[in-house]
Amino acid sequence: MPNIKLLQPAKLDEAVAVLAAENEDAKIIAGGTALVIMLRNRLIAPATLISLGRLHELRTIRHEPGTGLRIGALATVREAELSPVVREKNPMLAQAFGKVGNVRVRNAATVGGNLSEADYASDPPCVLVALRARVKARSARGEREIPLTGLFKSFYETALAADEILTELIVPDLAPGSRAAYLKFISRSSEDRPCVGMAVVLESEPDGTCKDLRLVAGAVAETPQEIAAAEALARGQRLSDDLVAEIAEAYASSIEPLSDLRGSDWYRKQIIGVLARRALKQALASS
Ligand SMILES: Cc1cc2nc3c(=O)[nH]c(=O)nc-3n(C[C@H](O)[C@H](O)[C@H](O)COP(=O)(O)OP(=O)(O)OC[C@H]3O[C@@H](n4cnc5c(N)ncnc54)[C@H](O)[C@@H]3O)c2cc1C
C-alpha cells in the first residue's frame, strides 16, 4: 500500500474540521473491516485516513424516553448485539446485529461503518428501514438527521456528503402491540452476507387487526426494497394464512431482484416469497 497519512482526532469537532480541510483526498476509517479490503484491492487510494477510533463520545448506547434507542456510530456491531438496553427495547434489532458475519467481524465492525458502507448485501439496513430509524450526520457546516428510508441511494452510495460523519443511529420505540422479525437466508457459508434478508414490523390495533405493516427486503437490489402495494393489503385486516400468502406473493412478484454470486434473479424471487411468508408468520407468532 502507498504511504497514507493517518489522522486520529480525539474530538468530533476536530474530526469534522479535519475532514472539511482534507476534503476529497481523505477517507474516514472506523472499524476498517470494509475499508481495508477496499484499500488492499486498490478500489480507493486516499491520501489521508481519518480514524474515528478515538471518538469515545460516539460509542455510547442508551435509551431516551420519547426518542428511542440512541446508538453511537462507533459502537461495534457486537456491542449493539449484546447491549442490554437494545435487547430489552428491541430484541429483533439485537438479533439482527447478531446475524452480521461472525464474532470476529462484529467485534471490529461499527454500526456507523455498516450503514455508511451501504453494501447492498448487508443485514442492518433493511431492518432499520422497517423500524423507521434515522441517523445523525455532522459536518463543519452543522448537523442534520437523515431517515433510513432516504439514506441509501445506490450500490455503496448514501445521502451522506463527503464532509459528513455519521454520528448516531436513532431507533424509535416500537408502538405498543407491535411485533417484529428479521430472517436472513444464506446461500453459501454460514458466516456469509445475506442472499436475501427480510424484516417485518407489524403494528396491530387493540382488536387484533393490522394497523400498519412494513416488510423490507435486503440484499435483493441496490437498496432495501419496500413494496407499498403489498403492505397495504394488510391494513385493517386480520392476517390469516391466506392473506399472509397473498402478501408474500404480491411482494415477490413486484421485486426485480439482482443476480450475483449468492443467487440468480429467479432464485432470489423464490426466496423472497418464502422468506416474506415466514417472516410474517414469525412476527405474528411472537408476543
Ligand atoms: C468477512 C466479513 C463478513 C461480513 N459479513 C457481513 C454480514 O453478514 N452482514 C453485514 O451486514 N455485513 C457484513 N460484513 C460487512 C461489515 O458489517 C462491514 O464491513 C462493517 O460494518 C463496516 O464497518 P467498519 O466500522 O469496519 O467500517 P470501515 O471499514 O471503517 O468503513 C466502511 C466505509 O464507511 C465509511 N465510514 C465508516 N464509518 C463512518 C462514519 N461514522 N461516518 C461516515 N462514513 C463512515 C468509511 O469511509 C468506508 O467508506 C462483513 C464484513 C466482512 C469483512
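1. In this note, helices are DSSP runs of at least four residues labelled H or I, numbered from the N terminus. The structure under discussion is a predicted model. With that convention, helix 7 gives the most to the shell around the ligand, contributing 4 residues.

2. Helix 7 spans residues 111–117, and it is joined by strand 2 (26–29), helix 2 (35–40) and strand 10 (165–171), each of which supplies at least two residues of the shell. There are 31 residues around the ligand, and those that come nearest are Ile 28, Thr 33, Leu 35, Thr 110 and Asp 123. By character, the shell comprises 14 nonpolar, 9 polar and 8 charged residues.

3. Several polar atoms of the protein lie beside the ligand. In the side chain of Asn 114, an N or O atom is 3.1 Å from an oxygen atom of the ligand. Leu 166 takes part through its backbone, where an N or O atom lies 2.9 Å from a ligand nitrogen atom. A polar side-chain atom of Arg 193 is 3.3 Å from a nitrogen atom of the ligand. On its own the ligand has 970 Å² of accessible area, of which the protein covers 90%.

4. The largest nonpolar core should also be examined; it holds 40 residues. Leu 93, Leu 115, Val 127, Leu 128, Leu 148 and Leu 169 touch the most other members of this core. Apart from neighbours within four places in sequence, Val 127 is in contact with Met 92, Leu 93, Ala 96, Tyr 182 and Ala 199.

5. A second core, separate from the largest, has 31 residues, among them Ala 221, Tyr 251, Ala 252 and Ile 255.

Terms used:
Residues are numbered from 1 along each chain as its sequence is written. This is a predicted model: local features need pLDDT of at least 70, side-chain atom pairs count only at pLDDT 80 or more; totals for chains, interfaces and linings use all residues. Side-chain values use heavy atoms; hydrogens and water are left out. A residue is near a molecule or strand if one of its heavy atoms lies within 4 Å of it. A polar contact is a pair of N or O atoms within 3.5 Å; within protein, one must be able to donate a hydrogen and the other to accept it, and residues adjacent in sequence count only if both atoms are side-chain atoms. Accessible areas come from the Shrake-Rupley method with a 1.4 Å probe; for residues, only the protein chains shown count as cover. Ala, Val, Leu, Ile, Met, Phe, Trp, Tyr, Cys and Pro count as nonpolar, Asp, Glu, Lys and Arg as charged, and the others, Gly among them, as polar. A nonpolar core is a set of buried Ala, Val, Leu, Ile, Met, Phe, Trp, Tyr and Cys residues joined through side-chain atoms within 4.5 Å. Buried means under 20% relative accessible area, exposed over 50%, partly exposed in between (1.4 Å probe, protein chains only). Contact means heavy atoms within 4.5 Å.
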